[in-house]
Structure formats: C-alpha cells, structure tokens
Protein chains: 2
Amino acid sequence: MQAEATYLKLSQQILEQYADLPLQRPLPSEHELGALFGVNRQTIRAALEELERRWLIRRVKGSGTFRTRRYEYRIGPDIAPSFTATVRASGGDPRTENAKPVTRPANASEREILGLPANAQVTVLERVRFIDGAAVSTATSVLPSARVPRLAAVIAPDDSLDAVLRRHYGYTPVRQWSQSRLASPPAQIAEVLRLRGRPPQILLRGLVSCSETGQKLEYVESFLRPDVFDVVTEVGKW
Amino acid sequence: MQAEATYLKLSQQILEQYADLPLQRPLPSEHELGALFGVNRQTIRAALEELERRWLIRRVKGSGTFRTRRYEYRIGPDIAPSFTATVRASGGDPRTENAKPVTRPANASEREILGLPANAQVTVLERVRFIDGAAVSTATSVLPSARVPRLAAVIAPDDSLDAVLRRHYGYTPVRQWSQSRLASPPAQIAEVLRLRGRPPQILLRGLVSCSETGQKLEYVESFLRPDVFDVVTEVGKW
DNA sequence: CAGTGGTCTAGACCACGCG
DNA sequence: GCGTGGTCTAGACCACTGG
C-alpha cells in the first residue's frame, strides 16, 4: 500500500489552516504556499485543485484563491424554490438578467412537452443569475407564444418571469413537475458561467402550468453551478 | 480575449478521434498521445483530466485510459430503483457484497428518523456494489433491531436486503421518501470506491417502511459514483 | 518485467484583476 | 505595473496492472 500523496496531505493542512479565513480574504498565493510548505508550485496547485473539486475553495485568475459557501436549494413536491429569497436570506446579493425574448416555431420536443399543435410558435427567454456579481446559473424558458402575447415588450431585463406571468397576464403559475440530474453544459452556457472546460453542472428541468386552468405555461431548463448550490431533490411523502 | 487553451482543443480532438473505440480497448498511452499530438505529456494529461471530469473516460493506473458509459438511474414517486435489474438490462455484470451486520445502540438522529425510543438498538448493514468488478456505490442501511431479529445470521454476503425482508421476515417494504444531493464522501468510503481524494459523489438518502403497517423498517444512505450513474430525480405529477 | 497512469520538480511565459 | 492564477515544457521517479 502506498502512502498518501503529498498533495492530498497538503490539501488537508491548507483546509485546516485557513478554515476561519473570511470569505472575502484571499488565501496566500500559490507561490507563497509553495514556499511555506517547501514544495513546488505544481504540488500546491494539485492540493488546491482537490479542494476546488470539493467546492471548498474557488480560484479567480488575477485575484486569488477564496473560501466558498454553498446555498442549500431544496426541491420537492411542496417546495417552490425562490432563488432571490434563498440567496438574500443567506446574506448574498442576487441579481437576474433577462435577455430579450425570441419568438420562433416550436420544435418537436417542445410541442410534445407543452402539448402544442404542429405550427405553434414559442417565445424563448434566456436568463442568467448572479450572486455578488458572479454568474451562478442560467435558465432557458420556453413559453407558448399564444399564452404570453408581446412578452418581449412587457418584460424588463431585471423582471421576474413569475411576477410578470402573475401581474401582467393574470396567471397563477404552479410547478407541475421538476427533474434534476448532472450534465455537461453546452459550450455557450459554460462560457456564460465562466467555467474552465465543460465540467458537469446541475441540470434542472421543469414544467410550469396555470393553477386554475391546468394550461401548460412554461418549460424551463436551468444549469446551476454545483460549487454554489447544494441542490437537494426530495421525492415522496414528508 | 484569449484563444482556447491547447489542452481543451486536444480534449475535443481526442474525444472525436476515439469516439468509436470499444469500451474494453484502451486509448493510446499518455506518452504516445503526447508524441502523436506533439505536446508534453502534462498537456495530454490536462486534456484527459478534462474528459475525466466530464465522465467520458476513466483512467486506471497500470492498465490505461478507457471510454466510459453511464447507467441511467431514475428516482421518482412511482419508481422503485433496482440496481441489479438496471445494470443487467444494459449489459453490465452487477454484484453486491454485504458486510456482516453490526448491532449497536441507535444515535439521536437515527432514533429521530426511525421513530425509536431512547434505548433502542439498531442493526447496521454496509454494502458495496460492483459492476464488472469495479466498486461503484456504497450503501449503509440502519434497521431497528427489534424488527429484524438475528439479521446477521439470516443474510448472506450476496443476498439482497429487500429479498430478505420479504421472504424471511414477511414484510412488504416500500420507499417512503428519497432525497438526492451531492456531497464529499467520508475518507473511508472514498477508499472503498477507489477515488483519488474525496471528489463529491451522489448521496442518496431514503426511508423504507412496511406497506401494510406503515412501520419504519430501514434508513439508507448511499453514495453513487457520478461517472457511473446518471441519476435522474423526478418530483411532481407525471 | 514492461508499460501504464500518478506524482513531483524546476522553470517559463501568459492573461487577467486590481490599484 | 504588479501579483494573481492558468498553461505549457522537460525531465524524473514511482506504484500498480498485466502478461
């Protein structure tokens, strides 16, 4: 049996040594840590990579290495997750940015999911969510255009889609089903989330319908950074 | 804006080049790939690490680098996941290994979850699951000892716990609730799963009760390797 | 025993962020 | 402009797997 590698022992030491560092304060630089522990910088990097894999630190080129915190995000039959409320409650500064909605013909899978006829149009809304200025999740909502006429003219870049559905269109949106899994994001989304490469992210899919009529209102696909969100998906009776 | 790094371009090239390689055949060695693409071995390693992060390849010391396949594993209100059936259906060779059950006093959290009185005993069963000889998941089941007397004498190393509960004890076990999230496993479990370091795994928690009486039978915590299982957790009406 | 991937060193250049 | 982390090279030794 082989002894534990240097970089794994170092990762444990670094973890303990800087456990109480404020979240805004950087750890010593990789060069400094190398000197401190008497090892090559690449060995320090291997140790930090282990901690980064475990979502305990985050490294930012040009700025430094920082401790992280994850936001618990529960998804269950009776839980309607609110991004803004969750983050605010934990002392973070959340922000949502809507792109301009685009209207186009629905493809086969969208028609299937939303129960639309062959020539239906859908309106697609891309959103990016930020915490303290960093992009942490994307969401793509697909809505039947007939149910949200002139959405592009109605929604502002920082509006909540849920609020617009309620106030402007008079719907009562409820989550009909949700699904979570891990998946490698498309390159474009990886770029928005400022990932290196395309590491797997948490993929949430869901269908929102109207409480009164049962009409299908919105199909949403969302990628969440697992280093930021501790997503807990709950099934069954609680 | 900076051009894409060499190792990321290489990872894409390698992916395309060896997309059709049989699962049992290794890719060329890191040294060979370095020579083929005219880059240093560490650059090849960075490319392979990217593919490993995305669970597209798996590297085995002493043997080589192989393409991987993931098993879809659905968890939902009406779905009782069966490891053995799922894997067999996909052409894999599943095996389960039970450790010897241990009986000890229940701790506070176990009493809370299982609804047990202060001085109750629990019987704890550790299991490891293998596919084609590789450890892919662990499970720890905690059962009220009073409901499964002499479990240690009854269960064989390769028995299914579900089957023993049905046949020997006459229960009809049903899943009452399940929960999935990502978590760094304890060092001991990381070792069993042969992970390097302690990268986050899929943590499944669940409660099994008796269909007729509603008695709580089993609390289970399970770690699944995300490179092996594509766990899909479904919530809501389908 | 030969070949594999895992670890570690020494050094270099670069893009990025912040002041 | 300076210090940060990101990338890349060259070379070395090791533990593990398989025949």
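A polar contact is a pair of N or O atoms within 3.5 Å. Keep that in mind for the DNA. One caution before we look: this is a predicted model.

Let's start at DNA strand D. In the side chain of B:Thr43, an N or O atom sits 2.2 Å from a phosphate oxygen of the strand. That pair falls inside the cut-off of 3.5 Å. Next, B:Ser63. An N or O atom of the B:Ser63 side chain is 3.1 Å from a sugar or linking oxygen of strand D. Chain A joins in too. A:Ser29 has a polar side-chain atom 3.5 Å from a phosphate oxygen of strand D.

Which elements give two or more residues to this surface? From chain A, they are α2 (30–37), α3 (41–53), β1 (57–60) and β2 (64–67). From chain B, they are α1 (6–17) and α3 (41–53).

Now the whole surface near strand D. It has 25 residues, and among the closest are A:Arg41, A:Arg196 and B:Asn40. By class, 13 are polar, 8 are charged and 4 are nonpolar. What part of the DNA do they meet? Of the strand D atoms within 4 Å of the protein, 71% belong to sugar or phosphate. The rest belong to bases.

On to the two protein chains. Two copies of a chain are related by a rotation about an axis and a shift along it. Here, chain B superposes on chain A after a rotation of 180 degrees, with 0.0 Å of shift along the axis and an RMSD of 0.0 Å. That is a two-fold axis. In chain B, the C-alpha nearest the axis belongs to B:Val235, at 2.9 Å. Both copies use the same surface: 100% of the chain B contact residues recur in chain A.

How many residues does the contact take from each chain? It takes 38 from chain B and 38 from chain A. The area buried between them is about 3000 Å². Carbon and sulfur atoms give 52% of that. On the chain B side, B:Arg181, B:Leu182 and B:Val235 lose the most area, together 21% of what that side buries.

Charges meet here as well. There are 4 salt bridges between the chains. One pairs A:Arg181 with B:Asp230, at 2.4 Å from N to O. Elements of chain B that each supply at least two residues to this side include β8 (173–183) and β11 (229–236). By class, the chain B side has 15 nonpolar, 10 polar and 13 charged residues.

That's the tour. Any questions?

Note on methods: Residues numbered from 1 in each chain as written. Chains lettered and ligands numbered in written order. Predicted model: local features only at pLDDT ≥ 70, side-chain atom pairs only at ≥ 80, totals over all residues. Heavy atoms only, no water. Near = heavy atom within 4 Å. Polar contact = N/O pair within 3.5 Å; in protein donor to acceptor, adjacent residues only side chain to side chain. Helix = DSSP H or I, 4+ residues; strand = E, 2+ residues; numbered from the N terminus. Nonpolar A, V, L, I, M, F, W, Y, C, P; charged D, E, K, R; others polar. Least-squares fit on C-alpha atoms with pLDDT ≥ 70 in both. Contact = heavy atoms within 4.5 Å. Buried area = accessible area lost by both parts, 1.4 Å probe. Salt bridge = Lys/Arg side-chain N within 4 Å of Asp/Glu carboxyl O.
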